[in-house]
Amino acid sequence: MEFESGESIILPRSVIAQEGIEIGHAGTPEEVTTRIRGLEESAARERALRMLNRRDFTRHEFAASLSADGFGERTISDLAQRFLELGLLDDERFARNYARARAASGRGRRLIERELNSRGVDGDTATAAIAGASELDELSRAVAALRGSIPSDRRDRERVLRHLVTRGFDIHTAMEALDSIMQDAHT
């Protein structure tokens, strides 16, 4: 589409048809830009609502997903702010639910914190979420993660320790958990 001023803009045919723009005339560049911005906002809002209908997102994930879909920074920022105000986006809620689910599946504090940080949750929010994630303390969760695995030799003991460490438990907690199940096995 070319304007009298010599400026031009390329629009997809679907946009031209949807907006009823006549080929060769659509108004001033400012009018067209305003209409396109409105279309982008509407499309971004529809996409965001579909995303949030499936699961919770952090603000960081929300912005990254919409950016990957080609929406502009201003549109994403405005939409994220509005969704925060409406309570549709909430990093604290996301962190609490995520930490609770991961703790219930036998993950340790370190792994949960790393995962929350990678999703854009700040350190204080992640720490608070992890603290309230489980009624069980870290040692009890580590013991539960072993599910009664009693190592028979040194190699098996090292394997069990590696298993706990890769699940996000620190080495001291892993060793305590292993000692605990070994004591229970011998009593």
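This passage walks through the fold of a predicted model and some of the side-chain pairings in it.

Start with the overall layout. The chain is built from 10 helices and has 0 strands, so read from the N terminus its elements are simply α-α-α-α-α-α-α-α-α-α. Of its 187 residues, 35% count as buried. When contacts between residues at least 6 apart in sequence are tallied, 56% of them join residues at least 24 apart. On the outside, the chain exposes about 11,700 Å², and carbon and sulfur atoms supply 49% of that area.

Helix α2 makes a handy ruler. It covers residues 29-54, and at 1.5 Å a residue its 26 residues should span 38 Å; the C-alpha atoms at its ends are indeed 38 Å apart, which agrees. Several of its residues are tucked away: among the buried ones are Pro-29, Val-32, Leu-39, Ala-44 and Met-51. Charged residues turn up in that buried set too, including Arg-37 and Arg-47. Arg-37 also belongs to a network with Glu-41 and Asp-78, held together by salt bridges that share partners.

Not every nonpolar side chain hides, though. Leu-49, Leu-86 and Leu-88 form a nonpolar patch on the surface, together offering about 250 Å² of accessible area. Leu-86 sits in helix α4, which runs over residues 73-86. With a relative accessible area of 48%, Leu-86 is partly exposed, because the label "exposed" is kept for values over 50%.

Salt bridges are the next thing to look at, and the whole structure holds 12 of them. One pairs Arg-93 with Asp-56, with the closest N and O atoms 3.1 Å apart. Arg-93 is in helix α5 (residues 91-104) while Asp-56 is in the loop between α2 and α3, so this pair ties together parts that are 37 residues apart in sequence. Both partners are partly exposed, Arg-93 at 23% relative accessible area and Asp-56 at 25%.

A second bridge joins Glu-61 and Arg-119, and here the closest N and O atoms are 2.5 Å apart. Glu-61 lies in helix α3 and Arg-119 in the loop between α6 (109-118) and α7 (123-131), so the pair links parts 58 residues apart in sequence. Glu-61 counts as buried because its relative accessibility is 13%, under the 20% cut-off. Arg-119, at 24%, is partly exposed. Glu-61 has other company as well: leaving out residues up to four places away in sequence, Glu-61 touches Arg-55, Asp-56, Phe-94 and Arg-119. A polar atom of the Glu-61 side chain also lies 3.0 Å from the backbone nitrogen of Thr-58.

A third bridge brings Asp-179 and Arg-157 together at 3.3 Å, N to O. Asp-179 belongs to helix α10 (residues 171-186) and Arg-157 to helix α9 (residues 154-166), 22 residues apart. Asp-179, at 35% relative accessibility, is partly exposed, and so is Arg-157 at 28%.

Finally, there is Arg-141, in helix α8 (residues 138-146). With just 6% relative accessibility, Arg-141 counts as buried. Its side chain makes a polar contact of 2.5 Å with the side chain of Glu-138. Beyond its neighbours within four places in sequence, Arg-141 is in contact with residues including Ala-103, Arg-107, Ser-134, Leu-136 and Phe-169.

How values were computed. Residues are numbered from 1 along each chain as its sequence is written. This is a predicted model: local features need pLDDT of at least 70, side-chain atom pairs count only at pLDDT 80 or more; totals for chains, interfaces and linings use all residues. Side-chain values use heavy atoms; hydrogens and water are left out. Helices (H or I, at least four residues) and strands (E, at least two) are DSSP runs, numbered from the N terminus. The expected span of a helix is 1.5 Å times one less than its number of residues. Buried means under 20% relative accessible area, exposed over 50%, partly exposed in between (1.4 Å probe, protein chains only). Contact means heavy atoms within 4.5 Å. Accessible areas come from the Shrake-Rupley method with a 1.4 Å probe; for residues, only the protein chains shown count as cover. Patches are made of residues with over 30% relative accessible area and no salt bridge: like charges are joined within 9 Å, nonpolar side chains (Val, Leu, Ile, Met, Phe, Trp, Tyr) within 5 Å. A salt bridge is a side-chain nitrogen of Lys or Arg within 4 Å of a carboxyl oxygen of Asp or Glu. A polar contact is a pair of N or O atoms within 3.5 Å; within protein, one must be able to donate a hydrogen and the other to accept it, and residues adjacent in sequence count only if both atoms are side-chain atoms.
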